[in-house]
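Please look over the model below, which is a predicted one. The paragraphs after it go from the nonpolar core to the aromatic residues and then to the pockets.

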Amino acid sequence: KIVSFNEIRNQQFQQTTTDEWEKHGSCSTQVFIGEQGIVDYFGAAVDLRQRWDFHKILNSAGILQSTDENPTFYSSEDILLPIEKAVGARAAIDCD
């Protein structure tokens, strides 16, 4: 069987979203409920990304991405305060 590029891209997209849901979204099943939950989760993520440039917000506050050559560590407060200031709402980090 010959597989089209679009089929391959669709399979890769489905695998990526499944992996990202399992890694990041599955802990939010109390908020994003049922079969529609995963769609709503990614919809919320896209909405947030379209509204605010979190990389820019954090970079402006001196929070820079860590690299192998220059590992950096920040407190959750260091990360949350510039985000809260930019979006005008309380932010939270929940790591299990």
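The largest nonpolar core is made up of 6 residues: Ile 57, Leu 58, Ile 63, Leu 80, Ile 83 and Ala 91. Helix 3 and helix 4 are the elements that give two or more residues to this core. One of its members, Ile 57, touches Trp 52, Pro 82, Ile 83 and Ala 86, leaving aside residues up to four places away in sequence. Of these contacts, Ile 83 also belongs to the core.

The aromatic residues come next. The count of aromatic pairs comes to 3. In one of them, Phe 32 and Tyr 41 meet edge-to-face, at 5.7 Å centre to centre and with 85° between the planes. Tyr 41 also pairs with Phe 42: the ring centres are 5.1 Å apart and the planes stand at 80°, which is over the 60 degrees needed, so this pair is edge-to-face as well. Phe 32, Tyr 41 and Phe 42 together form one aromatic cluster.

Are the two neighbours in sequence, Tyr 41 and Phe 42, buried or partly exposed? Tyr 41 has 17% relative accessibility and therefore counts as buried, the limit being under 20%. Phe 42 has 23% and so counts as partly exposed.

Tyr 41 is also a contact of Ser 28, a residue in the loop between helix 1 and helix 2. Apart from residues up to four places away in sequence, Ser 28 touches Trp 21 and Tyr 41. Ser 28 counts as buried because its relative accessibility is 14%.

Tyr 41 leads on to the pockets. The largest pocket has a volume of about 1,000 Å³ and is lined by 24 residues. Tyr 41, Ala 45, Leu 48, Phe 54 and Ala 92 are the lining residues that lie nearest its centre. At least two residues of the lining come from each of helix 1 (5-25), helix 2 (37-51), helix 3 (54-60) and helix 4 (76-87). By residue class, the lining divides into 15 nonpolar, 4 polar and 5 charged.

The second largest pocket has a volume of about 230 Å³. Its lining consists of His 55, Leu 58, Asn 59, Ile 63, Leu 64, Gln 65, Thr 72, Tyr 74 and Ile 79. Helix 3 supplies the largest share of this lining, 3 residues. The lining divides into 5 nonpolar and 4 polar residues, with no charged ones. Leu 58 and Ile 63, listed in this lining, are also members of the largest nonpolar core.

Terms used. Residues numbered from 1 in each chain as written. Predicted model: local features only at pLDDT ≥ 70, side-chain atom pairs only at ≥ 80, totals over all residues. Heavy atoms only, no water. 1 Å grid on protein atoms, 1.4 Å probe; cavity = no way out; pocket = protein on both sides within 12 Å on 5 of 7 lines; lining within 4 Å. Points joined across faces, edges and corners; volume = space filled by probe spheres on them. Helix = DSSP H or I, 4+ residues; strand = E, 2+ residues; numbered from the N terminus. Nonpolar A, V, L, I, M, F, W, Y, C, P; charged D, E, K, R; others polar. Buried < 20%, exposed > 50% of the residue type's maximum accessible area, 1.4 Å probe, protein only. Contact = heavy atoms within 4.5 Å. Core = buried A, V, L, I, M, F, W, Y, C linked by side-chain atoms within 4.5 Å. Phe/Tyr/Trp six-rings, centres within 6.5 Å; stacked < 30°, edge-to-face > 60°.
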